[in-house]
Amino acid sequence: MNIRQLWKKRKSIIFTWLISYSTVLFVPILISLIVYSQSSGALRSEIHRANDSMLKQVRYTIDNQIDLMKRLNMELTWNAKLQTLMYSSMPDGSAQFSAYELVKDFRMYQTSYASIDEFYVTWEREASVLRPGNVRDMKTAFNTLHQTGKMTYEQWLAVIGGSEHNQFMVLPHLDSAQPNTSIAYITRLPKDLNGKETGTVVVMADTVRFQAAIESISGFSGGQVLILNRNNEVLLSNLPVQADEKHILERIKGGGQTMPASAKDGSSELFYLKSAVSDLKYALVIPSSIYWEKAEYVRQFTYISILISIMGAGVLTWFFMRRNYSPIQQLVQSLSDKNAYEERTEWNELSFIQRAISTARSEKENIALQLQIHQNVLRSNMLNRLMKGKLDSPIPYEEAFKSFNMKLLSDEFAVILFVVENDGSLAENMPGIDINETRKLIHFIITNVVEELAGQHRHAGYVAEVDDMMVCLVNLAEPDDGRYKDELRMIAGEAQRFLMRYQMDLTVSIGGKHANLSGIAAAYQEAVDAMEYKMVLGKKGIITYDDIRIDPADHSQFGYYYPLQAEQQMINLIKAGDFEHASAFMKEITDRNFNKPIMSLTLARCLIFDLVGTMVKAINELGDGDSSVLGGNPLWMDQIIACDTIQEMQDELQILLREVCAFAVARLETNVTHERAESLRELTARVAHHIEDHYQDFNLNVNMIGERFDLKGSYLSKLFKTQTGEGLLDYIHKYRIKQAKWMMKSRQESISDISRLVGYNDAATFIRVFKKYEGITPGKYKEIH
């Protein structure tokens, strides 16, 4: 095999396996290194924890001693006799006597604090030192206490006279055991009123009292223990201070833990704690070599395991690589025989196999896709024929359902119809997508959502597009427990809410339940009929056939309410320019017609056109049939006709009504001065208020009201009609009928009693007037309500 053939083999799977298996060798190596790292870390952690515990024990022991020193210092500082001695201006003789009394008290402190080796107070006024039981001059006291050769008299004076307040320092102590040193707690007393120095309190404890705690931890860890004051000065150490003391102090100041490498001792580890009762710090410095001595076994074991892993993995890699390659080689030969006409341009066997399988799978998917498309078309065509009632099929529908994997749960069916109201805006929100593709996407989304929701409610749903509408044929589940209506409405409601996420505004209609395949066409027609009523009920709602179904036995549902007197009153309100009352009156008429359980679409359109005609009549009566209101809006009728729903028509009518009333107001203001209009409005309000207060009076009539306001009754009625759109007599009758309706709803009196309560002597007159304005008799109204 020459070099060129070997170079071609670089793409072969056997070469790839060799590289991959070799890479796997790094796994045991990496694991061994991780084990070694974790083991070293565990050892380090355990040593750290042990040293930290020992250091805390040292802190506890020393802090107890330090606390005693601070307590004694506090008691000495606030001693009443000492305060009197230092800050009073007594004569020298009295001061000497007070000092004598004070040093006698110091003996009691000496007894109470047995672990305090020495304490004294310097008295600047007399240049003396006050000790338990005696008073000595400064020089004698120094020779008695501190003359060990390590500090001069002048240095001692500088320490006690210039030290910081509440400062820990190391002072020589002549009476202490080796090494004749003590840790002193020095407190400068405040100056007197003249600004002169008063004295210093010094409390000392020999270092031998701290050595036992220090030696216990240093013997365990083999490290150096340091006690430092707040200025990071070494007060006590179990070993001589090393050359790298500067680095130790820098680490303590910065809060670090790992010491920098030292040329003499190598790297070290630093632990430190702050005192709980003072500003002292405790530090422990341990050579890092201690860790490696304990981790040497782990290191050697790691190296040996890595070497064994490499040797064993190499042998196993070669064996399994040759064994696993044989099936691959046979498969490649098998595929190559079937495609002998193809020239091998690649040497990676897996790529060759993958390409061959991908080609076969692609061909299979194309065939399956074409079959699915044809199946969807055939299924949609079958559902279209069922919706249209075409049951003559060359293949029985039961077999067709099975071939399309459409499971029939029962022989009862219902139809849900979906209309997308904003399909135009949806196409605009998806630029770059063809309108046909947009429709397919909408069809796909609705199909999946609705069929899934039908399945969740234990029914089977199948969606198809019929006459540009999405239709879901729902096969109801057995047994029928009467809940199917609520479940169909729930399916429609959930579909509406879910598809709102895709910005689809849906109007949904639901047909009734029908048995057998022959009833599907009837269910579809009912859903279509219900969908037409979105003109009356509005878009984006759910309309069921039961909501719009006409019951022939219920004659009270039919009717068309817009009598001539109502139209005349509407004309009068428009002519008066009273948009607020005209709008309310129009709403009352529309509500009275459209709030019934059923009203045919033809009558609904007729009512809208009659209201438009009323406005035209009002404009003509104002004397300007070709006014700017009509001429300036040539397309206003087309706009009303183009509306899809009654609500949209009503909105357009309100706009037109506002313009007509504004025109009427303008006409009125040209004929009546502003002052007269205001007085007429005030008079009208007073007349209306008078009628409302006296409507129960049998004698209330137009002439009586005219006499009350010093006007002729007919003239007053004409003025009242100009302002309100209706005459006085009509207003009296309507207000009495309004009160009578309220009484019939809330009271149990008879019709005769109610007629007298609202101002009618004769019940027949009351019935005649009531029927004139309400269209029904009082008895029928009371029966309904």
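**Aromatic pairs and crossing helices**

Hi everyone, let me start with one residue: Tyr120 is buried, at a relative accessible area of 0%. Before I go on, please keep in mind that this is a predicted model.

What kind of partner does Tyr120 have? A search of the whole structure turns up 12 aromatic pairs. In one of them, Tyr120 pairs with Trp156 in a tilted arrangement, with 6.4 Å from centre to centre and 55° between the planes. If you are wondering about the label, an angle over 60 degrees would be needed for edge-to-face and one under 30 degrees for stacked, so 55° leaves this pair as tilted. Tyr120 sits in strand S1, residues 118-123, while Trp156 sits in helix H7, residues 153-162, so far along the chain that the pair counts as a link between distant parts, 36 residues apart.

Is Trp156 buried or exposed? Trp156 is buried, with 0% relative accessibility. Both percentages fall under the 20% cut-off, so Tyr120 and Trp156 each count as buried.

A second pair comes next. Phe168 and Tyr185 have ring centres 4.6 Å apart, and their planes meet at 35°, so this pair is tilted as well. Phe168 belongs to strand S4, residues 167-172, and Tyr185 to strand S5, residues 181-188, so the pair ties together parts 17 residues apart in sequence. As for burial, Phe168 has a relative accessible area of 2% and is buried; Tyr185 is buried too, at 6%.

Back to the first pair, which has company. Tyr120, Phe142, Tyr153 and Trp156 make up one aromatic cluster. Now look at how some of those names come back in a helix contact. From helix H6, residues 138-145, the residues Met138, Lys139 and Phe142 meet Tyr153, Trp156, Leu157 and Ile160 in H7. Sorted by class, that H6 and H7 contact has 6 nonpolar residues, no polar ones and 1 charged one.

How do the two helices cross? The axes of H6 and H7 come within 11 Å and cross at roughly 100°. That angle lies in the range from 65 to 115 degrees, which means that H6 is roughly perpendicular to H7.

There is another crossing for comparison, at higher residue numbers. Helix H28, residues 728-746, packs against helix H30, residues 763-774, at an angle of about 95°, and their axes are 10 Å apart. So H28 and H30 are roughly perpendicular. On the H28 side we find Asp730, His733, Lys734, Ile737, Ala740, Lys741 and Met744; on the H30 side, the partners are Phe766, Val769, Phe770, Lys772, Tyr773 and Glu774. Which classes make up this contact? The contact of H28 with H30 has 7 nonpolar, 1 polar and 5 charged residues.

Two charge-over-ring cases may interest you as well. The charged end of Arg708 sits over the ring of Phe709, at 5.0 Å from the ring centre. Arg736 lies over the face of Tyr760, with 5.1 Å to the ring centre.

Now some backbone. Most residues other than glycine have a negative phi. Against that background, Ala127 has a positive phi, near 50°. Ala127 lies in the loop between S1 and strand S2, 128-131, and is partly exposed, with a relative accessible area of 42%. Asn516 is another non-glycine residue with a positive phi, about 70°. Its place is the loop between strand S15, 514-515, and helix H16, 520-532; Asn516 is partly exposed at 41%.

One residue to look up on your own screen is Ser717, found in helix H27, residues 713-724. Ser717 has a relative accessible area of 17% and so counts as buried, under the 20% cut-off. Leaving out residues up to four places away in sequence, Ser717 touches Val702, Gly727 and Leu728.

Let me finish with the whole chain. The secondary structure comes to 31 helices and 16 strands. Of the 785 residues, 43% count as buried. And what share of contacts joins residues at least 24 apart, among those between residues at least 6 apart in sequence? The share is 64%. Thanks for listening!

Note on methods
Residues numbered from 1 in each chain as written. Predicted model: local features only at pLDDT ≥ 70, side-chain atom pairs only at ≥ 80, totals over all residues. Heavy atoms only, no water. Phe/Tyr/Trp six-rings, centres within 6.5 Å; stacked < 30°, edge-to-face > 60°. Helix = DSSP H or I, 4+ residues; strand = E, 2+ residues; numbered from the N terminus. Buried < 20%, exposed > 50% of the residue type's maximum accessible area, 1.4 Å probe, protein only. Lys NZ or Arg CZ within 6 Å of the ring centre and 35° of its normal. Axes fitted to C-alpha atoms, helices over the stretch in contact; angles between N-to-C directions. Parallel < 35°, antiparallel > 145°, perpendicular 65-115°, else oblique. Contact = heavy atoms within 4.5 Å. Nonpolar A, V, L, I, M, F, W, Y, C, P; charged D, E, K, R; others polar.
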